[in-house]
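I opened the notebook with a few things to look up. Helix packing came up first, then domains, then charged pairs.

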Amino acid sequence: MSSRKPGLGRGLEALIPMASQTTNDAVRETSPDAPKDMFQLIEPDGSVLDRLPVTLEEMRALYADMVEARVFDHKSMAMQRQGRLATYAPFEGQEAAQIGAAAALRPQDWLAATYRDAALNWRAGYPWRLLILGRTGDERGGEVPESVRILPPSITVGGHMIHAVGLAWAEKLKGSDSVALTSFGDGATSEGDFHEAMNFAAVYETPTVFFCQNNGFAISYPVHEQTRSETIAVKAEAYGMPAARVDGNDVAAVLAVVREAVDRARRGEGPSLIEAVTYRLGPHTTSDDPGRYRDEDEGEDWRSKDPLTRIRKLLEKARGWTSEWQEELEKAASAKIEEAVEWAENLAQPEPEDLFDRMFSTPTPSLQEQKKIASDG
Amino acid sequence: MGEVNLAQALNGALDTALGSDSRVVLLGEDIGRTGGVFRITDGLLDTHGGERVFDTPVAESGIVGAAFGMAVAGMRPVAEIQFMGFSYPAYDQVINHVARIRNRSNHRFAAPMVIRVPYGGGIGAAEHHSESTESIYAHIPGIKVVVPSTPRDARGLLLAAIEDPDPVVFLEPIRLYRAVKEDIPDIYYTVDIGPVRVEREGEDITLISWGAMMKETRQAAVRLESEGVSVEVLDVRTLSPLDRGGLADSVEKTGRAVIIHEAPLTGGFGGEIAASIQERCLYSLLSPIVRVTGWDTVFPLKRSETHYLPAVDRIVNAAEKTLEG
């Protein structure tokens, strides 16, 4: 059972039984550049620091997922430039955080994430075709299949964190073993909503996992200017909640930490906060120019910590990667995403009536009247 | 159930809902141990237990946001906000999420939940405790806005709101909580959300109001009747969706309409009603539609309250002027 009042280090320890103090020391010794108290299993050069939570085959599958996600991200950026998608918020650089977190969830779990979480949503069960459809500007993109418990991406910053508290609270009251994970960025932790969600989750001990992708910026505002807290993770202490800080570019470390938090919630031991330290390699959205607020060197430095590269290196060492396989992966991913794009772009255009029909379970008399005006022209 | 006041009717409705539907949970500030600032949830924690009735931290956005999550996951939460003036921190949740999830997910998810909000002045309360900003809720597509003014409607509309597959903002007229009594059935019944209620039938003029101002409107009707005027009184009851047909039917018959609300004039819901009436029955109108409302001022503190709230005299005078036309 984890300590209810962890310090940063103790919080880490509490959440990661497999990460002994030796491992933490090892992290510091072998990687002096790594931020303090950040849990890591795989270094940027692909060397492994401790027992991994996955088999080689599972690691290959995680890698394949990250490749597919990146293909999607690049394709989406290109499509936006061609005017085929509305504003797009790229996640390049954050694949490990998103795929690792999603891999820790089960189908019965809830997910409430953001507009930058396409990879997380997809890996958790949100079909590509619907994510694309949503970005073409179509509400039908939010209609996930009946078996999928993922809320359509939240566009306002931070308002959805409390939803994962309510979702988890309901599951707890129903006596189910479902948990809810909410993903958000460093920027959202400045919202008052973050405080209310963290506090409610702690007070009612809901099975909620707060998963923060600290990607360095709230659009243009650097994280170290957004808060005087030493880290995002340390904020959990004030709520009596355990926390972990993890290398968000290390898919194995993210998976291990989130899995522990999810298991903990499933066992009825309450919520936790995870800070995944990562970096948004691209712009905030397609309407942003990051050149105005950060220098290229920083980006280059983070490119060297690319979450895909380190797994490729690891797999190479383990003879689990070849350039042919890479090509196959990219080809297969492209084909899948092309198919999804084709489906979304060929879907019949929405009818004017649809606007009115999805407001309520049954359209109100007023809406029926307006619907008639709209269709009569 | 016998003769009950509006507060008791609401308490009874919540008790009935908790007893008949295991998905119903209540959450709000001080609603458990103390039974709420107006005692609307009095005794419900004892009767239904701590897994159904939750005292919450002082965080309106958290209350509504958590209720939203619960509703999406299949519960039927009823959230209480203590006063309308405290509801604004939760407005973001209401307008951006509660009202939109069905649209955002094309029916895949919905938020069947009720947000109960005591509203209105006339009890000499502190600042922020007398608001009647119903029009900022009625303006939001995707929610329903309901305002009972009688014990019978309070019970039936609240049970209907809890049953409703979509979110309902349920406004409770504070100064009527204990001012109106009536015999109501001791059974599970609902009152349809939507239709206006013709409270009194008449031929010469239609007085239109809702919630707390129904009290003065009723008194004005009695005065006018004593002067020989045949008055029709409509209790709008549901601001959204608005029963435009029901309003027009009455005014088509009487040809005259006075709309009474305590919210400020500008942007007040009376404007929507007046516009709707003239769209449907301009040629039946014998006189301009008149609004008797609160002023475009901040709701004043205790000593000036009577200077603000539309009094019976103002309603009668407006009606008389309308009848001259």
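**Entry: a helix in chain A**

I started with the buried residues of α6(A) and looked up what they pack against: α3 (56-81), α5 (118-123) and α13 (323-346) of chain A. I note here that the model is predicted. Which residues of helix α6 (residues 128-135) of chain A are buried? I listed A:Trp128, A:Leu130, A:Leu131, A:Ile132 and A:Leu133. I then looked just past the helix. A:Gly137 takes a positive phi there, about 95 degrees.

**Entry: domains of chain A**

I checked the domain assignment next. Chain A is split into domain 1 (8-346) and domain 2 (353-377). I looked up the distance between their centres, taken over C-alpha atoms, and found 39 Å. Helix α13 (323-346) of chain A, one of the packing partners of α6(A), ends at residue 346, where domain 1 of chain A also ends.

**Entry: domains of chain B**

Chain B also has two assigned domains: domain 1 (2-184) and domain 2 (197-324). Their C-alpha centres are 26 Å apart. I asked how many residues each gives to the contact. Domain 1 of chain B gives 28 residues, and domain 2 of chain B gives 26.

I wanted the area as well. The size of an interface is often given as the accessible area lost when the parts come together. For domain 1 of chain B and domain 2 of chain B, I noted about 2,100 Å² buried between them. Carbon and sulfur atoms hold 53% of that area. Which residues of domain 1 of chain B lose the most area to domain 2 of chain B? They are B:Glu134, B:Val147 and B:Arg175, and together they make up 24% of what that side buries.

**Entry: polar links across the chain B domains**

I then counted pairs. The interface between domain 1 and domain 2 of chain B has 17 residue pairs in polar contact. I looked up which elements give two or more residues to the domain 1 side, and they are α6 (134-138), β6 (144-146) and α7 (151-163) of chain B. By type, the residues of that side divide into 14 nonpolar, nine polar and five charged.

Four salt bridges cross this interface. I checked B:Arg237 and B:Asp153, whose side chains meet in a salt bridge at 3.1 Å, N to O. Both residues belong to a salt-bridge network, which also links B:Arg197, B:Glu199, B:Arg218 and B:Asp235.

**Entry: other salt bridges**

Side chains of opposite charge can pair when their charged atoms come close. Over all chains I noted 43 salt bridges.

In chain A, I followed A:Arg267. A:Arg267 forms a salt bridge with A:Glu269, with the closest N and O atoms 3.0 Å apart. A:Arg267 also meets A:Glu260 in a salt bridge, at 3.7 Å, N to O. Is each partner buried or exposed? I found A:Arg267 partly exposed, with a relative accessible area of 49%. A:Glu260 counts as buried because its relative accessibility is 15%, and the cut-off for buried is under 20%.

In chain B, I looked at B:Arg116 and B:Glu80. Their side chains meet in a salt bridge at 2.8 Å, N to O. What does this pair tie together? B:Arg116 lies in strand β5 (residues 114-119) of chain B and B:Glu80 in strand β4 (residues 76-80) of chain B, so the salt bridge joins parts 36 residues apart in sequence. I also checked burial: both B:Arg116 and B:Glu80 are buried.

How values were computed: Residues numbered from 1 in each chain as written. Chains lettered and ligands numbered in written order. Predicted model: local features only at pLDDT ≥ 70, side-chain atom pairs only at ≥ 80, totals over all residues. Heavy atoms only, no water. Domains from an automatic or database assignment. Contact = heavy atoms within 4.5 Å. Buried area = accessible area lost by both parts, 1.4 Å probe. Polar contact = N/O pair within 3.5 Å; in protein donor to acceptor, adjacent residues only side chain to side chain. Helix = DSSP H or I, 4+ residues; strand = E, 2+ residues; numbered from the N terminus. Nonpolar A, V, L, I, M, F, W, Y, C, P; charged D, E, K, R; others polar. Buried < 20%, exposed > 50% of the residue type's maximum accessible area, 1.4 Å probe, protein only.
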